[in-house]
Amino acid sequence: MSGIRPTGFLHLGNYFGAIRNYVRMQEEFECFFMVADLHSLTTHPDTKELKSNVHRVLAENIACGLDPDKAAFYCQSHVYETSELYLHLNMLAYKGELEKTVTFKEKARQHPQNINAGLLTYPVLQAADILIHRASLVPVGKDQEQHLEMARTFANRFNHRYGDVFPEPMAFNYSQELVKVPSLDGTGKMSKSENQMATLYLADSDEMIRKKVMKAKTDSGPTTPGAEKPDYITNIFLLLRLVSTPDVLGKFESDYDNCSIRYGDLKKQLAEDMVNFIGPIREKVNAIMNDENYLKAVMEKGAAKARESSRATMALVREAVGLNYF
Ligand code: TRP
């Protein structure tokens, strides 16, 4: 089970860091992937763009290979049972621990006018998202580890107080090290909010992709054979490894080693390989976004699967809590 906030455009880092994991998991496990539309209301109360943002997230993930016939792909707000479980878990979550959450403190700083209780209990709703399916594996990045630990805490408190209902959800990844996609300016990784010219989005036009890649930082090249690469050059090779053929990578590696590398050629090649990688995904996203009936059908099918699983869990929860006198 995992959740995706419907804010902003997906980039190459999301693709290699998260979506590729989902696409592999759907072949092996019973998966639930959820668009966290209710969570987005904690910081984005204005809903003018919500519908198109939700459609975009659905379309981008499907274009990247998430298959709504294999995994349940649904919207959080379509599964009312989650809100009921959230209420029960709220009784097991302490004000002090919620106030100490790193993401809460960060968001409270960013939105001092709107420090609402939904923001404070964001991790409780996230725990409900996971526990409503009694999920055990949650593919998430490092930034979500604290939320996941809180989900385990709430699950354990529930189990202790009312009897065993929930397994402990654990973070899950195929590779030991998460794939970090470096940004094009040589600093850090691609991200939604930082330097947009250093991040490649799945929605970028071919021209924009070329422009961004050609602006990537290089230098005048190595002067001694077998020299170590500076970070920003290592990053360009990392990107090449993600989207180019082994032949192309090998050629530029050996050009580097014998000091004959021409970074202009390297970037032109990388730009074309990026265009060939991102272009077809972008076109697919646009086609899916234009097909509202298809998107509706996806959401309906996902919601039906998610509701079935959620109803079964809530029957256990109500019984365990002692709400069984009707
Ligand atoms: N908080 C997550 C994020 O910011 C999104 C999310 C909501 C989520 N519910 C979830 C992730 C349940 C994993 C499981 O990315």
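**A predicted model, questioned term by term**

Reader: What kind of unit do strand 1, helix 1 and strand 2 make?

Author: Strand 1, helix 1 (residues 12-28) and strand 2 make a right-handed β-α-β unit. The model is a predicted one.

Reader: What makes the crossover right-handed?

Author: The term applies if, with the strands pointing away from the viewer, the path from the first strand over the helix to the second runs clockwise. The unit of strand 1, helix 1 and strand 2 is right-handed, therefore its path runs clockwise in that view.

Reader: How do you know that strand 1 and strand 2 pair?

Author: Pairing requires at least two bridges between the strands. Strand 1 and strand 2 (residues 32-35) have three bridges, in the parallel sense, so they count as paired. Across this pairing, Ser2 stands opposite Phe33 and Ile4 stands opposite Val35.

Reader: How many bridges join strand 2 to strand 3?

Author: Four bridges join strand 2 to strand 3, and the two run parallel. The cut-off is at least two bridges, so this also counts as a pair. Phe33 of strand 2 faces Phe73 in strand 3.

Reader: Why is strand 1 called an edge strand?

Author: The sheet is open, with three strands in the order 1-2-3 and parallel pairing. Strand 1 (2-4) pairs on one side only, and strand 3 (72-75) does too; these are the edge strands. The average turn between neighbouring strands of the sheet is 25°, direction ignored.

Reader: Which way do Phe32, Phe33, Met34 and Val35 point from strand 2?

Author: Phe32 and Met34 point one way, Phe33 and Val35 the other, and all are buried. Such alternation between the two faces of the sheet is what a regular strand shows.

Reader: Which strands does helix 3 lie across?

Author: Helix 3 (residues 50-63) lies across strand 1, strand 2 and strand 3, at about 165° to strand 3. Angles are taken between N-to-C directions and run from 0 to 180 degrees, so a value of about 165° puts helix 3 roughly antiparallel to strand 3. Helix 14 (residues 292-321) lies across strand 2 and strand 3, at about 95° to strand 3.

Reader: What makes helix 8 mostly covered?

Author: Ten of the ten residues of helix 8 (residues 122-131) are buried. Among them are Tyr122, Gln126, Asp129 and Leu131. Buried means under 20% relative accessible area, so each of these residues falls below that value.

Reader: Why is Arg134 called partly exposed?

Author: Its relative accessibility is 38%. Partly exposed covers the range between under 20% and over 50%, so Arg134 belongs there. Arg134 is found in the loop between helix 8 and strand 4 (137-138). It has a positive phi of about 50° although it is not a glycine.

Reader: Where is Cys259, and what is its phi?

Author: Cys259 is in the loop between helix 12 (246-257) and helix 13 (263-289). Its phi is near 65°, again a positive value in a residue other than glycine. The relative accessible area of Cys259 is 27%, which is not under 20% and not over 50%, so Cys259 counts as partly exposed.

Reader: Is Asn235 buried or exposed?

Author: Asn235 has a relative accessible area of 12%. The limit for buried is under 20%, so Asn235 is buried. Asn235 lies in helix 11 (residues 231-243). Leaving aside residues up to four places away in sequence, Asn235 touches Pro182, Ser183 and Gly186. A touch here means heavy atoms within 4.5 Å.

Reader: Which domains does the domain assignment of the chain give?

Author: The assignment gives domain 1 (2-172 + 291-321) and domain 2 (196-286). Their centres, taken over C-alpha atoms, are 35 Å apart. Eleven residues from domain 1 and twelve residues from domain 2 take part in the contact.

Reader: What is the area buried between domain 1 and domain 2?

Author: About 1100 Å² is buried, and carbon and sulfur atoms give 80% of that area. On the domain 1 side, Leu12, Phe16 and Ala63 lose the most area to domain 2, together 45% of what that side buries. The area of about 1100 Å² is summed over both parts, so it is not the loss of one domain alone.

Reader: How many helices and strands are there in the chain?

Author: The chain has 14 helices and five strands. Of its 326 residues, 47% are buried. Its C-alpha atoms fill a box of roughly 80 × 45 × 40 Å along the principal axes.

Methods. Residues are numbered from 1 along each chain as its sequence is written. This is a predicted model: local features need pLDDT of at least 70, side-chain atom pairs count only at pLDDT 80 or more; totals for chains, interfaces and linings use all residues. Side-chain values use heavy atoms; hydrogens and water are left out. Buried means under 20% relative accessible area, exposed over 50%, partly exposed in between (1.4 Å probe, protein chains only). Domain bounds come from an automatic or database domain assignment. Buried area is the accessible area (1.4 Å probe) that two parts lose on being put together, summed over both.
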